[in-house]
Amino acid sequence: MRKAVGGGLIGLGVVGTGVVRVLAERADFFTRQVGVPIIVRRAVVRDPSKPRLAPIDPELVTDDAAALLTDPEVDVVVEVMGGEEPAHQYIRRALEAGKHVVTANKELIAKHGPELLALARERGRYLLFEASVGGGIPLIAPLRRDLLANRITSVRAIINGTTNYILTRMAQEGADYADALAEAQRLGYAEPDPTNDVEGYDAAYKLAVLATLAFRSRLAPEQIRTEGITRLSARDFLYAAELGYVIKLVAVAERRDHGLLARVAPVLLHRDEPLAKVDGVYNAVQIVGDLTGMVLFEGRGAGAEPTSSAVIADLLEIADAVVHGIPNRTAWSLEEQLPVLGPDQIESRYYIRVTVSDRPGVLARLAKCLGDNDVSIAAVNQKEANEDQQTAELVIMTHRARESAVLRALAEIAELPVVAEVSTFLRVEE
Ligand code: NAP
Ligand code: HSE
(Lines give C-alpha, C1' and ligand atoms only; values in the text may rest on other atoms or scores of the structure.)
(Ligands and ions follow the chains in the order given, each with its own letter.)
Protein backbone atom coordinates (compact mmCIF):
# COMPACT_ATOMS: atom_id res chain seq x y z
CA MET A 1 0.00 0.00 0.00
CA ARG A 2 1.47 3.35 -1.09
CA LYS A 3 2.12 5.81 1.77
CA ALA A 4 2.37 9.07 -0.24
CA VAL A 5 2.38 10.60 -3.70
CA GLY A 6 5.67 12.36 -4.42
CA GLY A 7 5.76 15.64 -6.32
CA GLY A 8 8.81 17.35 -7.79
CA LEU A 9 8.65 20.99 -8.83
CA ILE A 10 10.68 22.54 -11.60
CA GLY A 11 10.39 26.26 -10.86
CA LEU A 12 9.75 28.03 -7.59
CA GLY A 13 8.78 31.50 -8.79
CA VAL A 14 5.32 33.12 -8.67
CA VAL A 15 3.38 29.95 -9.54
CA GLY A 16 5.70 27.40 -7.85
CA THR A 17 5.62 29.36 -4.59
CA GLY A 18 1.82 29.55 -4.74
CA VAL A 19 1.57 25.79 -5.32
CA VAL A 20 3.89 24.91 -2.41
CA ARG A 21 2.05 27.30 -0.11
CA VAL A 22 -1.43 25.92 -0.90
CA LEU A 23 -0.19 22.31 -0.68
CA ALA A 24 1.18 23.09 2.80
CA GLU A 25 -1.84 25.06 4.02
CA ARG A 26 -4.46 22.52 2.81
CA ALA A 27 -2.41 19.35 3.32
CA ASP A 28 -4.98 17.67 5.59
CA PHE A 29 -7.86 18.25 3.20
CA PHE A 30 -5.86 16.99 0.21
CA THR A 31 -4.77 13.92 2.17
CA ARG A 32 -8.39 13.12 3.01
CA GLN A 33 -9.40 13.56 -0.63
CA VAL A 34 -6.59 11.46 -2.12
CA GLY A 35 -6.17 8.97 0.71
CA VAL A 36 -2.44 9.62 1.23
CA PRO A 37 -0.42 12.84 1.55
CA ILE A 38 1.14 14.62 -1.42
CA ILE A 39 4.75 15.33 -0.49
CA VAL A 40 7.05 17.77 -2.30
CA ARG A 41 10.32 15.82 -2.63
CA ARG A 42 12.42 18.44 -4.43
CA ALA A 43 12.19 21.82 -6.16
CA VAL A 44 14.53 22.72 -9.02
CA VAL A 45 15.43 26.38 -9.54
CA ARG A 46 18.00 28.37 -11.48
CA ASP A 47 19.66 29.86 -8.39
CA PRO A 48 19.32 27.83 -5.17
CA SER A 49 21.04 30.56 -3.12
CA LYS A 50 18.12 33.01 -3.64
CA PRO A 51 15.94 33.59 -0.55
CA ARG A 52 12.58 31.84 -0.99
CA LEU A 53 9.11 32.78 0.22
CA ALA A 54 7.79 29.24 -0.28
CA PRO A 55 7.29 27.17 2.91
CA ILE A 56 9.79 24.51 1.85
CA ASP A 57 12.85 22.96 3.50
CA PRO A 58 15.83 24.77 1.85
CA GLU A 59 17.59 21.38 1.65
CA LEU A 60 15.04 20.36 -1.00
CA VAL A 61 15.78 23.35 -3.26
CA THR A 62 18.37 22.46 -5.88
CA ASP A 63 19.59 23.30 -9.37
CA ASP A 64 20.01 19.61 -10.19
CA ALA A 65 17.16 18.77 -12.59
CA ALA A 66 18.59 15.33 -13.39
CA ALA A 67 18.33 14.30 -9.72
CA LEU A 68 14.63 15.18 -9.69
CA LEU A 69 13.91 13.49 -13.02
CA THR A 70 15.48 10.21 -11.85
CA ASP A 71 14.24 10.29 -8.25
CA PRO A 72 12.10 7.13 -7.76
CA GLU A 73 10.15 8.93 -5.02
CA VAL A 74 8.89 11.56 -7.49
CA ASP A 75 5.65 10.32 -9.12
CA VAL A 76 4.58 13.65 -10.64
CA VAL A 77 6.78 16.36 -12.10
CA VAL A 78 5.21 19.84 -11.87
CA GLU A 79 6.84 22.10 -14.45
CA VAL A 80 6.31 25.75 -13.51
CA MET A 81 9.50 27.32 -14.83
CA GLY A 82 8.22 28.45 -18.26
CA GLY A 83 9.85 28.88 -21.66
CA GLU A 84 10.43 26.35 -24.40
CA GLU A 85 13.82 24.89 -23.49
CA PRO A 86 14.95 23.25 -21.29
CA ALA A 87 11.32 22.75 -20.12
CA HIS A 88 10.54 20.68 -23.24
CA GLN A 89 13.48 18.31 -22.66
CA TYR A 90 12.70 18.02 -18.94
CA ILE A 91 9.10 17.00 -19.67
CA ARG A 92 10.17 14.47 -22.31
CA ARG A 93 12.67 12.98 -19.87
CA ALA A 94 10.09 12.89 -17.07
CA LEU A 95 7.57 11.01 -19.25
CA GLU A 96 10.26 8.66 -20.52
CA ALA A 97 11.22 7.96 -16.91
CA GLY A 98 7.60 6.94 -16.23
CA LYS A 99 6.56 10.07 -14.35
CA HIS A 100 3.29 11.93 -14.73
CA VAL A 101 3.54 15.62 -15.60
CA VAL A 102 1.60 18.77 -14.76
CA THR A 103 2.60 21.96 -16.52
CA ALA A 104 1.46 25.60 -16.56
CA ASN A 105 3.52 26.27 -19.66
CA LYS A 106 1.36 27.42 -22.58
CA GLU A 107 4.34 28.04 -24.89
CA LEU A 108 5.44 24.45 -24.46
CA ILE A 109 1.96 22.96 -24.98
CA ALA A 110 1.27 25.27 -27.94
CA LYS A 111 4.51 24.24 -29.64
CA HIS A 112 4.98 20.62 -28.52
CA GLY A 113 1.63 19.55 -27.02
CA PRO A 114 0.60 16.95 -29.62
CA GLU A 115 4.03 15.29 -29.60
CA LEU A 116 4.26 15.23 -25.77
CA LEU A 117 0.68 14.00 -25.39
CA ALA A 118 1.45 11.16 -27.80
CA LEU A 119 4.48 10.27 -25.69
CA ALA A 120 2.40 10.40 -22.50
CA ARG A 121 -0.20 8.15 -24.06
CA GLU A 122 2.45 5.70 -25.27
CA ARG A 123 3.90 5.53 -21.75
CA GLY A 124 0.49 5.39 -20.06
CA ARG A 125 1.19 8.58 -18.11
CA TYR A 126 -0.77 11.77 -17.53
CA LEU A 127 0.26 15.11 -19.01
CA LEU A 128 -2.14 17.76 -17.68
CA PHE A 129 -2.01 21.48 -18.40
CA GLU A 130 -5.11 23.21 -16.97
CA ALA A 131 -3.03 26.17 -15.70
CA SER A 132 -1.56 26.87 -19.14
CA VAL A 133 -4.63 28.90 -20.21
CA GLY A 134 -6.75 31.28 -18.16
CA GLY A 135 -5.08 30.93 -14.74
CA GLY A 136 -7.76 29.63 -12.38
CA ILE A 137 -10.58 29.35 -14.95
CA PRO A 138 -11.48 25.76 -15.81
CA LEU A 139 -11.03 25.61 -19.60
CA ILE A 140 -8.92 22.62 -20.56
CA ALA A 141 -11.01 20.09 -18.62
CA PRO A 142 -14.31 21.36 -20.14
CA LEU A 143 -12.79 21.20 -23.63
CA ARG A 144 -11.32 17.74 -22.98
CA ARG A 145 -14.56 16.35 -21.61
CA ASP A 146 -17.69 18.40 -21.02
CA LEU A 147 -18.00 19.96 -24.48
CA LEU A 148 -16.81 16.93 -26.42
CA ALA A 149 -20.20 16.13 -27.94
CA ASN A 150 -20.28 19.50 -29.69
CA ARG A 151 -19.05 20.68 -33.04
CA ILE A 152 -17.36 23.84 -31.85
CA THR A 153 -17.59 26.76 -34.25
CA SER A 154 -15.70 29.52 -32.46
CA VAL A 155 -13.49 30.43 -29.52
CA ARG A 156 -13.27 34.13 -28.68
CA ALA A 157 -11.28 35.18 -25.66
CA ILE A 158 -9.52 37.69 -23.51
CA ILE A 159 -6.72 35.42 -22.33
CA ASN A 160 -3.87 37.61 -21.23
CA GLY A 161 -4.24 39.12 -17.77
CA THR A 162 -1.27 41.46 -18.11
CA THR A 163 -2.53 43.22 -21.24
CA ASN A 164 -6.12 43.29 -20.00
CA TYR A 165 -4.88 44.88 -16.78
CA ILE A 166 -2.85 47.46 -18.75
CA LEU A 167 -5.67 48.26 -21.22
CA THR A 168 -8.19 48.60 -18.38
CA ARG A 169 -5.99 51.02 -16.47
CA MET A 170 -5.28 53.04 -19.62
CA ALA A 171 -9.00 53.20 -20.48
CA GLN A 172 -10.42 53.86 -17.02
CA GLU A 173 -7.70 55.94 -15.35
CA GLY A 174 -5.77 57.33 -18.33
CA ALA A 175 -2.75 55.49 -16.87
CA ASP A 176 0.56 55.55 -18.62
CA TYR A 177 1.39 52.30 -20.47
CA ALA A 178 4.77 51.85 -18.76
CA ASP A 179 3.35 52.40 -15.24
CA ALA A 180 0.51 49.92 -15.82
CA LEU A 181 2.97 47.30 -17.14
CA ALA A 182 5.28 47.77 -14.13
CA GLU A 183 2.31 47.28 -11.79
CA ALA A 184 1.23 44.08 -13.63
CA GLN A 185 4.80 42.77 -13.24
CA ARG A 186 4.83 43.64 -9.54
CA LEU A 187 1.55 41.76 -9.04
CA GLY A 188 3.06 38.62 -10.64
CA TYR A 189 0.80 38.64 -13.72
CA ALA A 190 3.44 39.17 -16.37
CA GLU A 191 5.55 36.47 -18.02
CA PRO A 192 9.24 36.31 -17.09
CA ASP A 193 9.74 38.29 -20.34
CA PRO A 194 6.77 40.70 -20.65
CA THR A 195 7.36 41.02 -24.42
CA ASN A 196 5.38 37.80 -24.70
CA ASP A 197 2.42 39.48 -23.02
CA VAL A 198 2.41 42.91 -24.67
CA GLU A 199 3.22 41.67 -28.20
CA GLY A 200 0.36 39.15 -28.04
CA TYR A 201 2.54 35.98 -28.16
CA ASP A 202 1.28 34.70 -24.79
CA ALA A 203 -2.33 35.05 -26.02
CA ALA A 204 -1.40 33.33 -29.30
CA TYR A 205 0.11 30.37 -27.40
CA LYS A 206 -3.07 30.09 -25.33
CA LEU A 207 -5.30 30.37 -28.41
CA ALA A 208 -3.25 27.63 -30.07
CA VAL A 209 -3.86 25.36 -27.06
CA LEU A 210 -7.61 26.13 -26.86
CA ALA A 211 -8.24 25.91 -30.60
CA THR A 212 -6.30 22.65 -31.01
CA LEU A 213 -8.50 21.12 -28.32
CA ALA A 214 -11.73 22.77 -29.49
CA PHE A 215 -11.39 21.82 -33.16
CA ARG A 216 -9.32 18.66 -32.59
CA SER A 217 -7.04 20.02 -35.33
CA ARG A 218 -3.52 21.30 -34.74
CA LEU A 219 -3.24 25.09 -34.71
CA ALA A 220 0.39 26.18 -34.30
CA PRO A 221 1.20 29.59 -32.78
CA GLU A 222 2.97 30.74 -35.96
CA GLN A 223 -0.28 30.19 -37.90
CA ILE A 224 -2.01 32.83 -35.78
CA ARG A 225 -1.83 36.39 -37.05
CA THR A 226 -0.64 38.21 -33.92
CA GLU A 227 -0.56 41.90 -33.04
CA GLY A 228 0.26 43.40 -29.62
CA ILE A 229 -0.87 46.47 -27.72
CA THR A 230 2.30 48.56 -27.78
CA ARG A 231 1.21 50.89 -30.57
CA LEU A 232 -2.08 51.96 -28.99
CA SER A 233 -2.35 55.56 -27.88
CA ALA A 234 -4.40 57.04 -25.04
CA ARG A 235 -6.40 58.93 -27.70
CA ASP A 236 -7.63 55.68 -29.26
CA PHE A 237 -9.30 54.76 -25.96
CA LEU A 238 -10.97 58.17 -25.84
CA TYR A 239 -12.21 58.09 -29.44
CA ALA A 240 -13.36 54.46 -29.10
CA ALA A 241 -15.35 55.39 -25.97
CA GLU A 242 -17.02 58.30 -27.81
CA LEU A 243 -18.17 55.79 -30.43
CA GLY A 244 -19.49 53.36 -27.78
CA TYR A 245 -16.58 50.90 -27.85
CA VAL A 246 -13.78 49.62 -25.64
CA ILE A 247 -10.39 48.36 -26.82
CA LYS A 248 -9.40 44.82 -25.77
CA LEU A 249 -6.76 42.34 -26.85
CA VAL A 250 -8.94 39.55 -28.22
CA ALA A 251 -7.93 36.09 -29.45
CA VAL A 252 -10.29 34.51 -31.98
CA ALA A 253 -10.40 31.13 -33.70
CA GLU A 254 -13.34 30.35 -35.97
CA ARG A 255 -14.31 27.34 -38.01
CA ARG A 256 -15.30 28.35 -41.55
CA ASP A 257 -16.46 26.14 -44.42
CA HIS A 258 -12.94 25.62 -45.75
CA GLY A 259 -10.79 25.83 -42.63
CA LEU A 260 -9.88 27.85 -39.55
CA LEU A 261 -9.38 31.57 -39.12
CA ALA A 262 -7.21 32.59 -36.15
CA ARG A 263 -5.95 35.93 -34.90
CA VAL A 264 -4.85 37.85 -31.81
CA ALA A 265 -5.13 41.63 -31.93
CA PRO A 266 -6.39 44.69 -30.10
CA VAL A 267 -9.92 45.28 -31.37
CA LEU A 268 -12.92 47.50 -30.76
CA LEU A 269 -15.69 45.72 -28.86
CA HIS A 270 -19.09 47.31 -28.44
CA ARG A 271 -19.48 48.21 -24.77
CA ASP A 272 -22.54 45.91 -24.44
CA GLU A 273 -20.62 42.78 -25.53
CA PRO A 274 -19.89 40.36 -22.64
CA LEU A 275 -16.14 40.47 -23.32
CA ALA A 276 -16.15 44.28 -23.22
CA LYS A 277 -17.04 44.13 -19.52
CA VAL A 278 -14.09 41.89 -18.60
CA ASP A 279 -11.63 44.17 -16.85
CA GLY A 280 -8.33 44.09 -14.98
CA VAL A 281 -6.60 40.74 -14.62
CA TYR A 282 -9.85 38.91 -15.43
CA ASN A 283 -9.95 36.66 -18.48
CA ALA A 284 -13.03 35.37 -20.31
CA VAL A 285 -13.49 32.76 -22.99
CA GLN A 286 -16.63 32.43 -25.15
CA ILE A 287 -17.01 29.07 -26.83
CA VAL A 288 -19.81 28.38 -29.29
CA GLY A 289 -20.85 24.75 -29.67
CA ASP A 290 -23.61 23.52 -31.96
CA LEU A 291 -25.39 21.78 -29.06
CA THR A 292 -24.70 24.18 -26.19
CA GLY A 293 -24.81 27.51 -28.03
CA MET A 294 -22.51 30.09 -26.44
CA VAL A 295 -20.89 29.23 -23.11
CA LEU A 296 -18.87 31.81 -21.23
CA PHE A 297 -16.03 31.11 -18.79
CA GLU A 298 -14.71 34.02 -16.73
CA GLY A 299 -12.31 34.49 -13.85
CA ARG A 300 -8.85 35.59 -12.75
CA GLY A 301 -6.46 34.69 -15.53
CA ALA A 302 -3.09 35.18 -13.83
CA GLY A 303 -1.40 35.41 -10.45
CA ALA A 304 -0.11 32.90 -7.90
CA GLU A 305 -3.42 31.90 -6.29
CA PRO A 306 -5.66 31.29 -9.31
CA THR A 307 -2.86 29.52 -11.15
CA SER A 308 -2.02 27.30 -8.18
CA SER A 309 -5.72 26.31 -8.07
CA ALA A 310 -5.43 24.89 -11.60
CA VAL A 311 -2.02 23.25 -11.05
CA ILE A 312 -3.18 21.56 -7.85
CA ALA A 313 -6.43 20.36 -9.48
CA ASP A 314 -4.30 18.51 -12.05
CA LEU A 315 -1.99 17.23 -9.33
CA LEU A 316 -4.93 15.90 -7.30
CA GLU A 317 -6.41 14.18 -10.36
CA ILE A 318 -3.10 12.41 -10.96
CA ALA A 319 -2.55 11.61 -7.27
CA ASP A 320 -6.01 10.04 -7.12
CA ALA A 321 -5.22 7.96 -10.22
CA VAL A 322 -1.83 6.91 -8.82
CA VAL A 323 -3.35 5.82 -5.52
CA HIS A 324 -6.33 4.02 -7.04
CA GLY A 325 -4.56 2.63 -10.09
CA ILE A 326 -6.80 4.39 -12.65
CA PRO A 327 -5.24 4.32 -16.12
CA ASN A 328 -4.54 7.55 -18.00
CA ARG A 329 -7.84 9.06 -19.17
CA THR A 330 -6.35 12.25 -20.58
CA ALA A 331 -5.47 11.05 -24.04
CA TRP A 332 -7.25 12.91 -26.81
CA SER A 333 -6.70 12.54 -30.47
CA LEU A 334 -6.65 14.94 -33.36
CA GLU A 335 -9.06 14.59 -36.27
CA GLU A 336 -8.40 15.55 -39.87
CA GLN A 337 -6.11 18.61 -40.10
CA LEU A 338 -8.14 21.73 -41.02
CA PRO A 339 -6.34 24.26 -43.23
CA VAL A 340 -5.61 27.62 -41.61
CA LEU A 341 -7.03 30.40 -43.78
CA GLY A 342 -5.17 33.62 -44.62
CA PRO A 343 -6.16 37.12 -43.43
CA ASP A 344 -7.74 37.85 -46.84
CA GLN A 345 -10.70 35.81 -45.55
CA ILE A 346 -11.31 38.27 -42.68
CA GLU A 347 -14.22 40.66 -43.12
CA SER A 348 -15.08 43.28 -40.54
CA ARG A 349 -15.76 46.93 -39.88
CA TYR A 350 -12.62 48.95 -39.16
CA TYR A 351 -11.53 51.89 -37.02
CA ILE A 352 -8.79 53.93 -38.67
CA ARG A 353 -6.95 56.95 -37.21
CA VAL A 354 -4.90 58.99 -39.67
CA THR A 355 -2.79 62.09 -39.04
CA VAL A 356 -3.13 64.44 -42.02
CA SER A 357 -2.31 67.99 -43.15
CA ASP A 358 -5.11 70.26 -42.00
CA ARG A 359 -6.15 71.72 -45.37
CA PRO A 360 -9.00 71.53 -47.88
CA GLY A 361 -9.49 68.45 -50.04
CA VAL A 362 -7.60 66.01 -47.78
CA LEU A 363 -10.65 64.07 -46.68
CA ALA A 364 -11.77 63.65 -50.31
CA ARG A 365 -8.39 62.12 -51.21
CA LEU A 366 -8.59 59.61 -48.35
CA ALA A 367 -12.18 58.77 -49.24
CA LYS A 368 -11.13 58.12 -52.85
CA CYS A 369 -8.41 55.62 -51.77
CA LEU A 370 -10.97 53.76 -49.66
CA GLY A 371 -13.68 53.94 -52.34
CA ASP A 372 -11.30 52.75 -55.10
CA ASN A 373 -10.70 49.64 -52.99
CA ASP A 374 -14.40 49.02 -52.36
CA VAL A 375 -14.23 50.14 -48.73
CA SER A 376 -17.27 52.15 -47.74
CA ILE A 377 -17.03 54.82 -45.01
CA ALA A 378 -19.66 54.67 -42.22
CA ALA A 379 -18.52 57.76 -40.25
CA VAL A 380 -15.69 60.28 -40.13
CA ASN A 381 -14.69 62.56 -37.27
CA GLN A 382 -12.05 65.24 -37.39
CA LYS A 383 -10.25 65.31 -34.04
CA GLU A 384 -7.75 67.68 -32.43
CA ALA A 385 -5.71 69.78 -34.79
CA ASN A 386 -2.07 70.57 -34.05
CA GLU A 387 -1.82 74.22 -35.05
CA ASP A 388 1.98 74.34 -34.91
CA GLN A 389 2.37 71.42 -37.26
CA GLN A 390 -0.83 72.22 -39.18
CA THR A 391 -2.00 68.65 -38.83
CA ALA A 392 -5.30 67.11 -37.77
CA GLU A 393 -6.47 63.63 -36.86
CA LEU A 394 -9.20 61.87 -38.79
CA VAL A 395 -11.02 58.97 -37.19
CA ILE A 396 -12.80 56.83 -39.78
CA MET A 397 -15.23 53.96 -39.19
CA THR A 398 -15.81 51.80 -42.24
CA HIS A 399 -18.72 49.56 -43.15
CA ARG A 400 -17.98 45.86 -43.34
CA ALA A 401 -15.11 45.25 -45.76
CA ARG A 402 -12.49 42.67 -46.67
CA GLU A 403 -9.35 43.18 -44.61
CA SER A 404 -7.15 42.77 -47.69
CA ALA A 405 -9.03 45.66 -49.36
CA VAL A 406 -8.68 47.89 -46.31
CA LEU A 407 -4.94 47.14 -46.11
CA ARG A 408 -4.51 48.01 -49.80
CA ALA A 409 -6.37 51.30 -49.26
CA LEU A 410 -4.25 52.12 -46.20
CA ALA A 411 -1.03 51.46 -48.14
CA GLU A 412 -2.22 53.99 -50.74
CA ILE A 413 -3.30 56.46 -48.04
CA ALA A 414 0.12 56.23 -46.35
CA GLU A 415 1.74 57.30 -49.65
CA LEU A 416 -0.37 60.47 -50.02
CA PRO A 417 1.75 63.62 -49.49
CA VAL A 418 -1.01 65.08 -47.27
CA VAL A 419 -0.81 62.12 -44.86
CA ALA A 420 1.71 62.29 -41.99
CA GLU A 421 0.90 58.86 -40.60
CA VAL A 422 -1.67 56.05 -40.55
CA SER A 423 -1.61 55.93 -36.75
CA THR A 424 -4.04 53.15 -35.82
CA PHE A 425 -5.99 50.44 -37.63
CA LEU A 426 -8.28 48.22 -35.53
CA ARG A 427 -10.95 45.67 -36.37
CA VAL A 428 -14.39 46.02 -34.84
CA GLU A 429 -15.00 42.52 -33.41
CA GLU A 430 -18.70 41.63 -33.65
P1 NAP B 1 8.76 33.00 -12.54
O2 NAP B 1 8.16 33.71 -11.38
O3 NAP B 1 9.71 33.72 -13.40
O4 NAP B 1 9.43 31.66 -11.99
C5 NAP B 1 10.21 30.82 -12.80
C6 NAP B 1 10.90 29.80 -11.90
O7 NAP B 1 11.59 28.86 -12.72
C8 NAP B 1 11.93 30.39 -10.95
O9 NAP B 1 11.89 29.73 -9.72
C10 NAP B 1 13.26 30.11 -11.66
O11 NAP B 1 14.36 29.92 -10.76
C12 NAP B 1 12.96 28.79 -12.34
N13 NAP B 1 13.76 28.62 -13.55
C14 NAP B 1 13.82 29.41 -14.62
N15 NAP B 1 14.68 28.91 -15.54
C16 NAP B 1 15.15 27.75 -15.01
C17 NAP B 1 16.06 26.77 -15.45
N18 NAP B 1 16.66 26.87 -16.65
N19 NAP B 1 16.31 25.70 -14.65
C20 NAP B 1 15.72 25.60 -13.45
N21 NAP B 1 14.83 26.51 -12.96
C22 NAP B 1 14.55 27.57 -13.74
O23 NAP B 1 7.60 32.45 -13.51
P24 NAP B 1 6.05 32.21 -13.15
O25 NAP B 1 5.30 33.47 -13.31
O26 NAP B 1 5.95 31.44 -11.90
O27 NAP B 1 5.61 31.30 -14.40
C28 NAP B 1 5.95 29.93 -14.46
C29 NAP B 1 5.14 29.24 -15.54
O30 NAP B 1 3.74 29.37 -15.24
C31 NAP B 1 5.29 29.83 -16.95
O32 NAP B 1 5.17 28.79 -17.89
C33 NAP B 1 4.11 30.76 -17.06
O34 NAP B 1 3.73 30.97 -18.40
C35 NAP B 1 3.07 29.97 -16.34
N36 NAP B 1 1.96 30.75 -15.79
C37 NAP B 1 2.21 31.84 -15.02
C38 NAP B 1 1.14 32.55 -14.50
C39 NAP B 1 1.34 33.77 -13.65
O40 NAP B 1 0.34 34.42 -13.33
N41 NAP B 1 2.56 34.13 -13.27
C42 NAP B 1 -0.18 32.11 -14.74
C43 NAP B 1 -0.40 30.96 -15.52
C44 NAP B 1 0.69 30.29 -16.04
P45 NAP B 1 14.88 31.13 -9.82
O46 NAP B 1 13.79 31.35 -8.82
O47 NAP B 1 16.14 30.61 -9.23
O48 NAP B 1 15.08 32.29 -10.76
N1 HSE C 1 1.36 36.42 -18.25
C2 HSE C 1 0.14 35.70 -18.30
C3 HSE C 1 -1.01 36.69 -18.29
C4 HSE C 1 0.05 34.80 -17.09
O5 HSE C 1 -0.78 37.87 -18.05
O6 HSE C 1 -2.12 36.30 -18.59
C7 HSE C 1 -1.07 33.83 -17.20
O8 HSE C 1 -0.82 32.87 -18.17
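Here are some friendly notes on this predicted model, covering two ligand sites, a helix pair and two backbone details.

1. Ground rules. Residues are numbered from 1 along each chain as its sequence is written, while chains are lettered from A and ligands numbered from 1 in the order in which they are written. As the model is predicted, local features need pLDDT of at least 70, side-chain atom pairs count only at pLDDT 80 or more, and totals for chains, interfaces and linings use all residues; side-chain values use heavy atoms, with hydrogens and water left out.

2. The surroundings of ligand 1. There are 25 residues around ligand 1, and those that come nearest are Leu12, Lys50, Arg52, Glu191 and Gly303 (a residue is near if one of its heavy atoms lies within 4 Å). By class, 12 residues of this shell are nonpolar, 7 polar and 6 charged. Here Ala, Val, Leu, Ile, Met, Phe, Trp, Tyr, Cys and Pro count as nonpolar, Asp, Glu, Lys and Arg as charged, and the others, Gly among them, as polar.

3. Polar contacts of ligand 1 (pairs of N or O atoms within 3.5 Å). Oxygen atoms of the ligand take part in each of these: a polar backbone atom of leucine 12 at 2.8 Å, a polar side-chain atom of lysine 106 at 2.8 Å and a polar side-chain atom of glutamate 191 at 2.7 Å. Taken alone, ligand 1 exposes 910 Å², of which the protein buries 89% (accessible areas by the Shrake-Rupley method with a 1.4 Å probe).

4. Ligand 2. Its shell includes Lys106, Tyr189, Glu191 and Gly301, and divides into 3 nonpolar, 4 polar and 5 charged residues. An N or O atom in the side chain of threonine 162 is 2.6 Å from an oxygen atom of ligand 2. Aspartate 197 places a polar side-chain atom 2.8 Å from a nitrogen atom of the ligand, and lysine 206 has one 2.8 Å from an oxygen atom. On its own ligand 2 has 260 Å² of accessible area, and the protein covers 93% of that. Two or more residues of the shell come from each of α7 and α10 (201-215); helices (H or I, at least four residues) and strands (E, at least two) are DSSP runs, numbered from the N terminus.

5. The α7 and α8 pair. Helix α7 (residues 161-173) packs against helix α8 (residues 177-186) at an angle of about 140°, and their axes are 9 Å apart (axes are lines fitted to C-alpha atoms over the stretch in contact, and angles run from 0 to 180 degrees between N-to-C directions).

6. Backbone details worth a look. Between glutamate 85 and proline 86 the peptide bond is cis, with omega near 5°; proline 86 sits in the loop between β4 (76-79) and α4 (87-96). Arginine 216, a residue other than glycine, has a positive phi near 50°, and its place is in the loop between α10 and β8 (225-226).

Conventions
Polar contact = N/O pair within 3.5 Å; in protein donor to acceptor, adjacent residues only side chain to side chain.
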